[in-house]
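Student: Before we look at the model, could you go through the reasons behind the terms used for it, one assignment at a time?

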Amino acid sequence: MKEFTQSLRLSPSEIPNRIYGVDNWSGGYFGVSEHGCLTVHPTRNPLMGIEITSLVQMLAQRKVTPPFLLRFPQILDTRIKELHEAFRNSIAEYNYGARHCAVFPMKVNQKKSVVERLMAAGHRYEYGLEVGTKAELAAALTISMHPNALLICNGVKDRRYLEWAMQASKLGKKPVLVMEEVSDLIKIAEVSNSLGIHPTLGIRVRVFSRGAGKWEESGGETSKFGINTMQLLDCLRMASDREMGRQLKMLHFHIGSQITDIRRIKNAIKEAARVYAKVCKMGFPVEYLDVGGGLGVDYDGSRTASDCSVNYTMQEFANDIVYTISEICQSENVPPPTIITESGRAIVAHHSLFVTNVIRMLNPGLGGSELDPSMVDSEVVRELWDIYNDINPKNFREYYHDALHHREELQSLFNLGYMNLQNRAQGEWMFWEICRKAIKFSRSMKERPEEFIDLENILASKYICNFSVFQSTPDSWALDQLFPIVPLTRLTEEPTVQATLCDITCDSDGQIDKFVDLRDVKQALELHSVNSDPYYLAIFLVGAYQESLGMNHNLLGSPNEAHFLIDDTGRPHIDKIVRGASLSQVLELVGYQPKDLMENLRQMTQKAGAQSKLSAEEREALCASYESTLGSYTYLED
Ligand SMILES: *Cc1c(COP(=O)(O)O)cnc(C)c1O
């Protein structure tokens, strides 16, 4: 008997894997402890895990309140190592006759601490940077990098951009100026002549093969970037005419981000390698073939070509690139190029997670007191009451449809003035109770009709969470991108509530109602009923793009941020705390100077004092609370 009960006991990972798919998307960086708490494993060592709640407690001791972004710089180190080793393996396996070098595209996460950590961890791989604007270039110029690391300059460029990019070579960097249109060549020639610098040049070429899914637009014939075959020939001819042909060392392609299907990558590489071979044969000394970004992240853990997943591993990505280029160079009889990759998403997505606290739960159709049938003086409400009592597993579809009809009746009677608020409230309450019963009965059906699935989603609870979708997960709003979301604790306890998440902006789009699922997309997330204890949710894989795209909608500013390192004994340390934006910081961005705000408030309280609306003490207190709150966090603090 004892043995039997033991074998029935759930292992701690049963619920987190069945419901939240933790093992599917965690990449070995996250797990669950035997206490049912989420853990993080920055070095991917399963034995070196820290419960994330213990990090939350460390922050609470320092009065750092949620929501916060937790950063794990060691995950960046691990990702960089994995990427480079994947290419080293492929190069050895296919006996490839040249090297692989990677650069980090700054637009994916420009945070100084992130870029600096990447450059330090990537030093031994000669890891470089890719920039697309003047501001990114300004930052990159000052960041210390390996002297052999490349600084790839993409994007639309003005004269100052070109000057800086060329002068970078005098500052110990190795810039490559990538031309995105034919006219760039003329501008580059001018600046180059006036500075007396002859920069290394690249050409961004358009490929027919394109990505797929939400991010596909960056590749393909209609892409806003790159030049087509005719323009390429023009560009090559013009470069030769200006004696700049010797400087042309790179061909650059980028078919888009989050390429979900490996076949798309293979096709694009085939095309790119052929272009490389033909340009080589025309006598240009091309050394580098830059294949851009696109290496995807398996956000939903399904390992499929669906939008938020990928059907390949990092090693398969490397293998396909190296093998394809190698084959084509052999068949064309040209030397193999140094392969450049610009993966951003896959390098930084895992390294940060966002933690928010649930403020309260709202249940649609609940609230209000129980129905007292003796008080009902409306025919429709009485009918609903009968349905409520008589509905059963056999008749529930029919009875549910009757209830729908009665609810419409209820609505029209009220609108026409034949019903009071009390009866309307009772009728509505009855209706939702009938729905709840119908949902319960429908769960035991083999083929559950769509209408009950929809109904269940309509009746999902809403968890109000202390965060802003627009600031912290903008792509879930803009692109319906999925991020794994899991409670930090109680993972040995079966969740009982179906919920969607609402943020604290006053925007109806400020919610998350699509969730990671292995087979499909879930419209509601299974969560625990919240009691008086704090209930935290972690949103994972937010390290790529979310920080740079996030915005201060409703003046909710950047969240608190903490960087954690774990030492050799597995103990966590806070490396750095960055306080989130204060009220005065976000207000200043939209033109309110904190000094003026304070001054104006003072004048207004004086006026109110003169009219005896505020006592001297009240005035003092109001000014003091205004001043101290201007310096505090924009999110809810209690
Ligand atoms: C955005 C971008 C990248 C990064 O792509 P990921 O899919 O995030 O790896 C790389 N190269 C260029 C030119 C880009 O514009």
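Tutor: Let us begin with a small sheet, where three strands are arranged in the order β1-β2-β3 as an open sheet with antiparallel pairing. The model is a predicted one, in which local features need pLDDT of at least 70 and side-chain atom pairs pLDDT 80 or more, while totals for chains, interfaces and linings use all residues. Residues are numbered from 1 along each chain as its sequence is written, and side-chain values use heavy atoms, with hydrogens and water left out.

Student: What makes β1 and β3 the edge strands?

Tutor: Each of them, β1 (30-32) and β3 (50-51), pairs on one side only. Strands here are DSSP runs of E with at least two residues, helices are runs of H or I with at least four, and both are numbered from the N terminus.

Student: How do you know that β2 and β3 are paired?

Tutor: Pairing requires that DSSP finds at least two bridges between two strands. Strand β2 (residues 38-40) is joined to β3 by 2 bridges, so the requirement is met, and the two run antiparallel. Within this pair, Thr39 stands opposite Glu51 in β3.

Student: What is unusual about phi at Arg44, in the loop between β2 and β3?

Tutor: Arg44 has a positive phi of about 75 degrees although it is not a glycine. Most residues other than glycine have a negative phi, and most peptide bonds are trans. The bond from Pro66 to Pro67 is cis, with omega near 0 degrees, and Pro67 sits in the loop between α4 (52-61) and β4 (68-71).

Student: Which strands make up the closed barrel, and how do they pair?

Tutor: The barrel has 8 strands, β5-β6-β7-β8-β9-β10-β11-β12, paired in parallel, and the twist from one strand to the next averages 25 degrees. Such angles are taken between N-to-C directions on a scale from 0 to 180 degrees, with axes fitted as lines to C-alpha atoms, for helices over the stretch in contact. As one example, β6 (residues 128-131) and β7 (residues 150-153) run parallel and are joined by 3 bridges, with Val131 opposite Cys153 in β7.

Student: How does helix α8 lie relative to the barrel strands β6, β7 and β8?

Tutor: Helix α8 (residues 159-167) lies across β6, β7 and β8 (174-179), and runs at about 145 degrees to β8.

Student: Why is the approach of Lys107 to the ligand called a polar contact?

Tutor: A polar contact is a pair of N or O atoms within 3.5 Å; within protein, one must be able to donate a hydrogen and the other to accept it, and residues adjacent in sequence count only if both atoms are side-chain atoms. An oxygen atom of the ligand is 2.6 Å from an N or O atom in the side chain of Lys107, so the pair qualifies. A polar side-chain atom of Tyr545 likewise lies 2.6 Å from a ligand oxygen atom.

Student: How many bridges pair β22 with β23?

Tutor: Strands β22 (residues 560-566) and β23 (residues 572-578) pair in the antiparallel sense over 6 bridges, and Glu561 stands opposite Val578 in β23.

Definitions and conventions: Contact = heavy atoms within 4.5 Å.
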